[in-house]
Amino acid sequence: MALITFREALNQAMDEEMARDENVFLLGEEVAEYNGAYKVSKGLLDKYGPHRVIDTPIAELGFTGLAVGAASVGLRPIVEWMTFNFGLLPLDQIINNAAKLRHMSGGQLSVPMVIRGPNGPAEFLSSQHSQSFASYFAHVPGLKVVAVSTPYDGKGLLKSAIRDNNPVVFLEAEMMYGMQGEVPEEEYLLPLDKADVKREGSDVTLITFGKPVHMVLEAAAKLEALGVQAEVIDLISLRPIDEETLYKSVRKTNRAVVVDEAWPIASVGSHVAYLISKNCFDDLDAQVEFVSSEDVPMPYNHTLELAVQPTVEKIVNAAKKVLYLD
Amino acid sequence: MSSLKKYDKEFLTGLLYDMLMIRRFEEKAGQMYGLKKIGGFCHLYNGQEGVALGTIRALDLKRDYVLTSYRDHGHALACGMDPNAVMAELYGKITGCSRGKGGSMHMFDAENHMLGGNGIVGAQIPIATGVAFKSAYEYKLGKTKDMGVTLCYFGDGAIHQGAFHESLNLAAIWKIPVIYIVENNQFGMGTAVKRVSAVEDFAVKAEGYGIEGRTVDGMNVLTVLEAMKEMVEESRKTGKAFLVDLKTYRYKGHSMSDPAKYRTKEELENYKQQDPIVQLKTDMIGAKFLTEDEFKKMDDEIKKRVAKSVEFAEESPEPPLHTMYEDIYAE
């Protein structure tokens with residue numbers, strides 16, 4: 001095992017897949033000569049040249065749509081959005097074309113592509129650059145949606161996403177690119193449709209995905225100090241949702257807290273809370289708690305922006321509530 | 001007008017047959033729509049046949065591609081799609097080209113390189129640019145000696161979408177072999193071009209993207225064919241993109257629900273005088289490639305073929321309910 005950063009893990013995944021398959025190419029703003037806005041594509045231009053690592057104009061609708069077309073005839077584009085906040089401009093190409101070409105053609109076409117980049121709140125960026133759009137994509141049949149939280153998951157999942165024959169929306173986070181973790185030296189792939197139990201426990205199930213996984217693990221450590229063993233589930237796949245892993249855990253702990261850094265209404269978190277409430281109704285000893293961001297745009301002020309989002313304290317309190325410890 | 005002399009009789013007869021097939025097919029589609037056999041949006045191609053045939057006959061569909069908007073029946077047939085599969089798709093039957101999931105706006109035939117049929121105005125422009133990008137990609141990696149060319153059709157209404165602007169720029173900077181074809185029928189639904197466009201001559205827009213623009217009479221199929229052949233060959237060798245303003249006219253409303261009250265009868269009649277089918281027919285008779293009797297025979301044969309497609313669609317089964325879960329994800 002080597003200790004590497006999240007950005008290095010993603011870089012290795014793209015590097016290995018580009019070496020393996022000449023049809024894989026990367027395009028996006030600043031991915032080539034600048035080596036990536038977050039340096040995720042560092043070195044790839046030197047290795048694979050300008051025909052396969054392509055700097056684009058600032059035209060997300062155009063280059064994302066171009067990638068959809070290229071994928072529909074057999075190439076395997078990786079589209080980097082500098083941030084998912086810019087991903088609203090090409091949303092038509094993702095929802096109406098990437099997700100629908102196979103359907104509208106009666107199964108004649110497929111769209112093997114990856115759309116990746118940072119999603120979710122960062123720091124000091126105000127309301128247009130600090131928001132999670134996971135549910136926008138998870139809502140759409142025809143897409144696969146994956147959120148990653150560790151270098152190990154990032155590498156194994158990105159490799160699988162690149163090899164998948166469907167459009168995969170791959171959610172990263174700005175705040176995680178420098179985060180370190182252990183990654184095997186040898187090649188490995190991870191399944192796109194499975195949740196991962198990040199911590200085992202018997203008293204309460206804490207469910208989340210993406211960057212908040214780390215905050216939830218911190219909350220679990222705090223709960224342990226109170227004598228509570230929390231199980232932490234990282235959803236990873238937001239479409240499809242690995243319901244089996246979820247229900248198995250909740251049927252063991254009988255209590256669930258869902259954490260999502262997005263707004264509360266019609267979010268991935270609210271849907272997961274609904275699924276558990278409906279399908280584990282007889283197993284629950286308390287109603288499902290849901291910790292989301294406040295239902296407001298993100299303020300620039302640091303005190304306010306931290307207060308808007310889920311915190312370790314909010315998660316611990318929600319766990320206490322379902323355990324009747326408050 | 002172009003001379004018929006350089007073409008052989010068989011080729012011209014085929015061209016006339018294919019245009020007439022689209023005309024009769026569309027007339028029948030309109031009729032079946034009236035009988036409520038076909039639902040939803042249905043945009044007919046009557047009047048624009050010279051565009052589809054003149055452009056698509058300039059291609060080699062083993063390597064070239066076609067993508068268009070929702071007014072796609074004509075391109076589908078011109079690409080060699082089976083009229084049965086197109087009519088059955090209009091009927092929403094399981095035997096339709098898209099298994100009853102696409103309908104009028106989504107005709108696809110991957111084998112014949114007809115890649116749709118797109119329902120969002122202008123959204124096919126980046127997709128087509130990406131399809132052509134594949135040819136450029138393989139060429140740049142040294143896998144091919146020249147490139148497949150993609151024809152991307154859209155109406156004059158789509159010119160003002162951002163997708164148009166972004167795509168033309170990409171095609172120019174990356175030398176993508178794509179030919180953008182404005183099927184300029186002069187109305188974006190009910191809105192006349194001049195009411196919504198600062199520029200009426202769309203060919204001049206090409207200059208702003210560093211590509212070449214041309215204006216072509218879309219009512220004469222041979223004029224279209226000759227202009228296209230030249231552009232396709234150049235694009236194939238160099239990856240040069242073109243923007244072609246093909247002046248044409250649709251005889252029917254925007255869709256079946258549109259009575260087209262925004263234009264005069266005289267205007268419509270004036271265009272019918274330039275009808276692409278009548279033009280070719282008259283020229284062929286003049287050149288002694290065709291007689292009225294032969295034309296009548298051809299027309300009867302086509303009408304029978306179209307009637308057969310209706311029969312096929314009528315007799316085809318509805319899609320079983322479980323098929324709603326199919327064709328969403330690839331293995």
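Reader: Which residues of helix α9 (residues 243-253) of chain A are buried?

Author: In this predicted model, Leu246(A), Ser249(A), Val250(A) and Thr253(A) are the buried residues of α9(A).

Reader: Why are the buried residues of α9(A) said to line one face of the helix?

Author: Viewed down the axis of α9(A), the buried residues lie within an arc of 95°, so they line one face of the helix.

Reader: What covers the buried residues of α9(A)?

Author: The cover includes four strands of chain A, β9 (196-199), β10 (204-208), β11 (230-234) and β13 (256-259), together with the helix α10 (268-279) of chain A.

Reader: Which residue follows α9(A), and what is the sign of its phi?

Author: Asn254(A) follows α9(A), and its phi is positive, near 65°.

Reader: Why is Val40(A) called buried?

Author: A residue is called buried if 20 or more other C-beta atoms lie within 10 Å of its own. Val40(A) has 28 other C-beta atoms within 10 Å, and is therefore buried.

Reader: Where does Val40(A) lie, and with which residues is Val40(A) in contact, leaving aside its neighbours within four places in sequence?

Author: Val40(A) belongs to the loop between β2 (24-28) and α2 (44-48) of chain A. With those neighbours left aside, its contacts are Arg7(A), Leu10(A), Asn11(A) and Tyr177(A). Asn11(A) is 29 residues away from Val40(A) along the chain, yet 5.4 Å separate their C-alpha atoms.

Reader: What are the domains of chain A, and how many residues of each are in contact with the other?

Author: Chain A is divided into domain 1 (2-183) and domain 2 (196-322). Between them, 24 residues of domain 1 are in contact with 21 residues of domain 2. On the side of domain 1 that touches domain 2, α6 (134-138), β6 (144-147) and α7 (151-163) of chain A each supply at least two residues. β6(A) gives the most, with four residues. By type, this side of domain 1 has 14 nonpolar, eight polar and two charged residues. The centres of the two domains, taken over C-alpha atoms, are separated by 26 Å.

Reader: How many residues does each chain bring to the contact between chain A and chain B, and which element of chain B gives the most?

Author: Chain B brings 36 residues and chain A brings 34 residues. β3 (114-117), α5 (124-140) and α6 (162-173) of chain B are the elements that give two or more residues to the side of chain B that touches chain A. Of the elements of chain B, α5(B) gives the most to this side, with 10 residues. The residues on this side of chain B comprise 18 nonpolar, 10 polar and eight charged.

How values were computed: Residues numbered from 1 in each chain as written. Chains lettered and ligands numbered in written order. Predicted model: local features only at pLDDT ≥ 70, side-chain atom pairs only at ≥ 80, totals over all residues. Contact = placed C-beta atoms within 7 Å. Nonpolar A, V, L, I, M, F, W, Y, C, P; charged D, E, K, R; others polar. Domains from an automatic or database assignment. Buried ≥ 20, exposed ≤ 12 C-beta atoms within 10 Å, placed from the backbone. Arc of directions from axis to C-beta.
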